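Trainee: I've got a fresh model open on my screen and would like to talk it through. Can we go step by step?

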Amino acid sequence: MTTSKRITFTLIGVAAAALALFCAYTWIALSVTYSEGERAGFLQKFSKRGWVCKTWEGEIMLTTLPGAVPEKFQFSVRDDAVAKQFLAATGQRVLLSYAQHKGVPTDCFGETEYYAEKVHIVP
């Protein structure tokens with residue numbers, strides 16, 4: 001094998017190993033949950049956005065004490081079926097269940113680290 005072929009195979013091997021490591025890290029970041037919980041508030045905004053990777057992004061206003069400044073909770077939704085439920089609940093008081101995934105390497109999976117998994121409309 002000539003030197004140029006050996007260098008080419010080495011570069012291809014290094015690139016394949018780097019891609020495999022990136023894919024493994026992404027899979028782990030999306031599979032391992034840092035925290036889970038629920039948030040209640042009014043679903044203020046929910047839309048699909050992004051230049052290349054379109055993701056569902058939402059925002060609820062958390063209910064606080066009267067006179068206090070309301071806090072916003074921003075989240076992403078990866079499942080289209082759950083996104084349809086959020087679209088139907090826009091403007092209403094909701095209880096959402098979420099999982100936090102730290103270290104997701106790209107915004108193609110969502111712009112936030114909080115991924116909503118369920119939504120319930122609170123009467």
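Mentor: Sure, one definition before we start: helices and strands here are DSSP runs, at least four residues for a helix and at least two for a strand, numbered from the N terminus. Keep in mind that this is a predicted model.

Trainee: Then in what order do the elements of the chain run from the N terminus on?
Mentor: Count them up and you get two helices and five strands. Reading from the N terminus, the order is α-β-β-β-α-β-β.

Trainee: Where is confidence lowest and where is it highest in the chain?
Mentor: For background, the chain has a mean pLDDT of 89, with 98% of its residues at 70 or more. The low end is helix α1 (residues 3-31), with a mean of 88. The high end, at 95, belongs to strand β4 (residues 93-100).

Trainee: What radius of gyration does the chain have, next to a compact globule of 123 residues?
Mentor: Look at the box first: along the principal axes, the C-alpha atoms fill roughly 75 × 25 × 25 Å. A compact globule of 123 residues would come out near 14 Å, but the chain has 20 Å.

Trainee: What should the 29 residues of α1 span, and how far apart are its end C-alpha atoms?
Mentor: The estimate uses 1.5 Å a residue, which gives an expected span of 42 Å for α1. That agrees with the model, where the end C-alpha atoms of α1 are apart by 42 Å.

Trainee: Which element do the buried residues of α1 pack against?
Mentor: Start with who they are: Thr26, Ala29 and Leu30 are the buried residues of α1. Their packing partner is β5 (114-121).

Trainee: What share of the contacts in the chain with a separation of 6 or more comes from residues 24 or more positions apart?
Mentor: As a side note on burial, 28% of the 123 residues are buried. For contacts with a separation of 6 or more, the share from residues 24 or more positions apart is 56%.

Trainee: How many disulfides does the structure hold, and which cysteines form a disulfide?
Mentor: The structure holds one disulfide. In sequence the pair is 55 residues apart and links distant parts of the chain, with one partner in the loop between β1 (35-49) and β2 (55-62) and the other in the loop between β4 and β5. The sulfur atoms sit 1.9 Å apart, within the 2.5 Å cut-off. The partners are cysteine 53 and cysteine 108.

Trainee: Is the disulfide of cysteine 53 and cysteine 108 right-handed or left-handed?
Mentor: On the accessibility side, cysteine 53 is partly exposed at 24%, and cysteine 108 is partly exposed at 36%. The torsion about their S-S bond is about 50 degrees, so the disulfide is right-handed.

Trainee: Why is cysteine 23 too far for a bond?
Mentor: Cysteine 23 is partly exposed, with 44% relative accessibility. The closest cysteine sulfur to that of cysteine 23 is in cysteine 108, and a bond is ruled out because the distance is 13 Å.

Trainee: Is serine 76 buried or exposed?
Mentor: Serine 76 is found in strand β3 (residues 71-77). Beyond four places in sequence, the contacts of serine 76 include Trp56, Tyr114 and Ala116. With a relative accessible area of 1%, under the 20% cut-off, serine 76 is buried.

Trainee: Which side chain makes a polar contact with the side chain of threonine 112?
Mentor: Threonine 112 lies in the loop between β4 and β5, and is buried with a relative accessible area of 16%. A polar atom of its side chain lies 3.0 Å from the backbone oxygen of tyrosine 114. As for a side-chain partner, the polar contact is at 3.0 Å, and the partner is serine 76.

Trainee: How far apart in space are valine 122 and valine 94, C-alpha to C-alpha?
Mentor: Valine 122 lies in the segment after β5 and is partly exposed, at 29% relative accessible area. Setting aside neighbours within four places in sequence, valine 122 is in contact with Arg93, Val94 and Leu95. Valine 122 and valine 94 are 28 residues apart in sequence, while their C-alpha distance is 5.2 Å.

Technical notes
Residues are numbered from 1 along each chain as its sequence is written. This is a predicted model: local features need pLDDT of at least 70, side-chain atom pairs count only at pLDDT 80 or more; totals for chains, interfaces and linings use all residues. Side-chain values use heavy atoms; hydrogens and water are left out. pLDDT is the predictor's confidence in each residue, from 0 to 100. The expected span of a helix is 1.5 Å times one less than its number of residues. Buried means under 20% relative accessible area, exposed over 50%, partly exposed in between (1.4 Å probe, protein chains only). Contact means heavy atoms within 4.5 Å. The radius of gyration is taken over C-alpha atoms; the globule rule is 2.2 Å times the number of residues to the power 0.38. A polar contact is a pair of N or O atoms within 3.5 Å; within protein, one must be able to donate a hydrogen and the other to accept it, and residues adjacent in sequence count only if both atoms are side-chain atoms.
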